[in-house]
Amino acid sequence: MIRTFLWFCQSVDRVFQPGKFNRAQFLNQLLVLLAGLLASPGKAQAGMVPKVLDSSGLPDPITPTRLFYVEDYSGPPDSLKKGAGHWRLNVKGQVQQARSYSLQDLQRFPSARQIITLNCIGNPIGGRAMGTALWEGIPLKDFIEKIEPRAFSKTLILRGEDGYYEGIPLSSTNHPGALLAYKMNGEVLTLEHGFPLRLILPGLYGIKQVKWIREMEVSKDSFKGYWNEKGWSAKAKVNLFSRIDYPEHQSWVFSRKLVIKGIAFSGDRGIQYVQVSLDSEKTWSLAKLEPAQSKYSWVFWSFPCEFPGPGRYPIAVRAADQFSGIQRDDARDPFPSGTSGIHRIEILVA
Ligand SMILES: Nc1nc2c(c(=O)[nH]1)N[C@H]1C(S)=C(S)[C@@H](COP(=O)(O)O)O[C@H]1N2
Ligand SMILES: [Mo]
């Protein structure tokens, strides 16, 4: 399977000679699609196909909103296309009192800002269905305190205006980085990214980050979310992830000295170190890490090296966080819990 895939990449390389950007973009969409197909043919995975917009090269530390990947099962709801004048957030279930808030009501709460990386659980090895933004909104823990959940409640159910639904353990709403966000990168949330209100909960995959929230229900029971019903992980905890962004797979390099670059991410667990291997994973060496932008963001790594002569060289990367140890090569398929597989590329040194 993988061999066929590599062969395919090479032939795509040949077909798309003139426009490097187009080729890269095309390849990326292919990667996402192929990974979906490879992961588990036959399982109900249809629909988990994020729109990747930041498709090649080293990403910006903060992803511009227009390049931030988009994923939802049926597009933004029509009812919000003309604004949030009529929109309300309704809170019900195991709370002292059911309530309803307008956007103005919510904007009167004390707000917080946080840089947080979001990634899709369907993002394949080396995939780009992820982005980092500066989110702004109400700290989730403050809001939950205000709505006073009854003792022994278990789950917070969130429902989107598009009919999407997800549940998170009520205990996770204490997370110090979690936000009910209404701004992204200093601007009002765009329709694609969940205007007027979305959840941002560090450490969990995108499936939990409900956009266009219209209802919050506190429940005594556990709850199956939209993708969980289709077999995807209920917990959706972000796995360790690392990626080589420069050079690109199958690209020519015209210098023996090179600085290999990429990102690593581990949800809310931080990156402890990143290692690179240039000898088909017989040995690994430490890469240099840039300081993280926040506890919840991806980390940039670089690895200067010198190749002995012309030829094809394999490059592999793996990362470690304090709690999960080092990335192992045992979880390749995004389905059902997200991938943690090793990203490997091959370059051609001229
Ligand atoms: N209301 C709603 N929220 C949703 C979804 C959806 O289909 N509907 N998709 C989820 C998934 S699978 C992902 S990966 C993230 C993507 O967020 P983004 O489009 O802002 O990148 O939104 C999540 N929130
Ligand atoms: Mo997703």
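Q: With which residues is F143 in contact, leaving aside its neighbours within four places in sequence?
A: This is a predicted model, in which local features need pLDDT of at least 70 and side-chain atom pairs count only at pLDDT 80 or more, while totals for chains, interfaces and linings use all residues; side-chain values use heavy atoms, with hydrogens and water left out, and residues are numbered from 1 along each chain as its sequence is written. Contact is taken as heavy atoms within 4.5 Å. Once the neighbours within four places in sequence are set aside, the residues in contact with F143 are L89, V91, Y101, L106, F109, I138, L180 and M216.

Q: Which strand gives the most residues to the largest nonpolar core?
A: A nonpolar core is a set of buried Ala, Val, Leu, Ile, Met, Phe, Trp, Tyr and Cys residues joined through side-chain atoms within 4.5 Å, where buried means under 20% relative accessible area with a 1.4 Å probe, protein chains only. The largest such core holds 64 residues, and those touching the most other members are L89, L106, W135, F143, L180, I213 and M216. With five residues, the strand that gives the most to this core is β7 (residues 179-184).

Q: How many residues make up the other core, which has Y313 among its members?
A: This core lies apart from the largest one, and A287, C305 and F307 are also among its residues. Its size is 22 residues.

Q: Why is strand β20 described as largely enclosed by the rest of the structure?
A: Strands are DSSP runs of E with at least two residues, numbered from the N terminus, and two of them pair if DSSP finds at least two bridges between them. Strand β12 (residues 252-253) runs parallel to β20 and is joined to it by two bridges, with L348 as the partner of W252; strand β18 (residues 311-321) runs antiparallel to β20 and is joined to it by seven bridges, with I347 as the partner of Y313. Strand β20 (residues 343-349) is largely enclosed because, of its seven residues, the number buried is five.

Q: Which strands are the edge strands of the open sheet of four strands?
A: The order in this sheet is β11-β13-β17-β16, with antiparallel pairing. Strands β13 (residues 257-265) and β17 (residues 299-306) are joined by eight bridges, and V259 stands opposite P304 in β17. The strands that pair on one side only, and are therefore the edge strands under the rule of at least two bridges for a pair, are β11 (241-246) and β16 (288-289).

Key:
Chains are lettered from A and ligands numbered from 1 in the order in which they are written. Buried means under 20% relative accessible area, exposed over 50%, partly exposed in between (1.4 Å probe, protein chains only).
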